[in-house]
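Student: Hi! Could you take me for a close look at the surroundings of the ligand in this model?

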Amino acid sequence: MPEIILGSPPQIQTVQRANALWTILHDDPRFAFQGRAVSVANEQDDAAKLAISLSRLQGYASCHFVKRPNAQGFSDAYQAAGLNPQIWEQYWGRDSAQTQSHAFLQDFQVPEGLTLKTVTHATSDETILKICEMSLEAGVLPVPGSVMRGEGPKGLFSYVEATDGQIVATGGAFMAYHEDSPRADEAFWGMLATHEAWRGKRLAGWVGAQLIEDMAEKFGARGFSSGVKPDNPSSQAMCSRLGVGPSEYVYVGAVDPAAFGDASVTR
Ligand SMILES: CC(C)(COP(=O)(O)OP(=O)(O)OC[C@H]1O[C@@H](n2cnc3c(N)ncnc32)[C@H](O)[C@@H]1OP(=O)(O)O)[C@@H](O)C(=O)NCCC(=O)NCCS
């Protein structure tokens, strides 16, 4: 089956390179992967240097779980290397994610005509293309079709479909950390996007909460984190509502301007 990767040309190149790199690095606990970019899993020896190398190879990389006061040191090192730093709040939750998502689902009334589905091997290319298009329109870079279908890191990709086949909300979660690392039971969760016409109906909450329940059941995920920009109040509210809230950590991304200019890899 041909691979499906959508995005701008630099985004596509980053995702292709990242997936190729992951076949080489997947057994190294220093790194994390959520289907779009290989990153440094946490603050560790040479973390900034590793992120710089990954960014040069892929066009973009970040370091996860950086304590906020240490972010400046990473940014300075990136800038000295000619890369642009990009900081994301790392929203994070363990017990709170499971209890609040469970409570959300108990309370949620499924809107008539909408169905929540998970991508499987049987999902058609046409549906995957529609998922990618909707996600990109919302400013969220989708993972490749093969990763959605479960051929990459362990994880799930879900979507809400209307009776006419329109995709109205999407999201995914992946066991991003090595099984020998202290974050072995943690997932990168999010990539949530709701079609503009369908926002404010708690659809992202539905997708996100169900992903948390399913990742816990299928893969034993106990922690969930996601990158949220300080200027994205809807994402902040939605994540916090599901028990994935502000933490002492940030992701410090390094963008290669030769690949992306000032653009962002995702929202
Ligand atoms: C963020 C996004 C996915 C939210 O989708 P949505 O389906 O409208 O969200 P929900 O309706 O499930 O909202 C969840 C909660 O956030 C709250 N919320 C939504 N938009 C909000 C806003 N602009 N300001 C404050 N709170 C907001 C809702 O009230 C709801 O809380 P409640 O359940 O207590 O009422 C959607 O706005 C989107 O696609 N944005 C662009 C892409 C993006 O930023 N994705 C997240 C980055 S990973």
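Student: To get my bearings, how many helices and strands does the chain have? Then, which residues around the ligand come nearest?

Tutor: Happy to! Keep in mind that this is a predicted model, where local features need pLDDT of at least 70, side-chain atom pairs count only at pLDDT 80 or more, and totals for chains, interfaces and linings use all residues. Residues are numbered from 1 along each chain as its sequence is written.

The chain has 9 helices and 10 strands (DSSP runs, H or I of at least four residues for helices and E of at least two for strands, numbered from the N terminus). Along the principal axes, its C-alpha atoms fill a box of roughly 55 × 40 × 35 Å.

Now to the ligand. There are 24 residues around it, and those that come nearest are Arg-199, Ala-204, Gly-205, Ser-234 and Ala-237 (a residue is near if its C-beta atom, placed from the backbone, lies within 6 Å). Three elements each give two or more residues to this shell: the strand β8, running 186-194, and the helices α7, at 203-219, and α8, at 233-241. Of these, α8 supplies the largest share of the shell, with 6 residues.

One more link to follow: α7 also gives the most to the largest nonpolar core, with 8 residues. This core has 78 residues, and Ala-51, Ala-173 and Ala-187 have the most contacts inside it (it is a set of buried Ala, Val, Leu, Ile, Met, Phe, Trp, Tyr and Cys residues joined through C-beta atoms within 7 Å, buried meaning 20 or more other C-beta atoms within 10 Å of the residue's own).

Methods. Buried ≥ 20, exposed ≤ 12 C-beta atoms within 10 Å, placed from the backbone.
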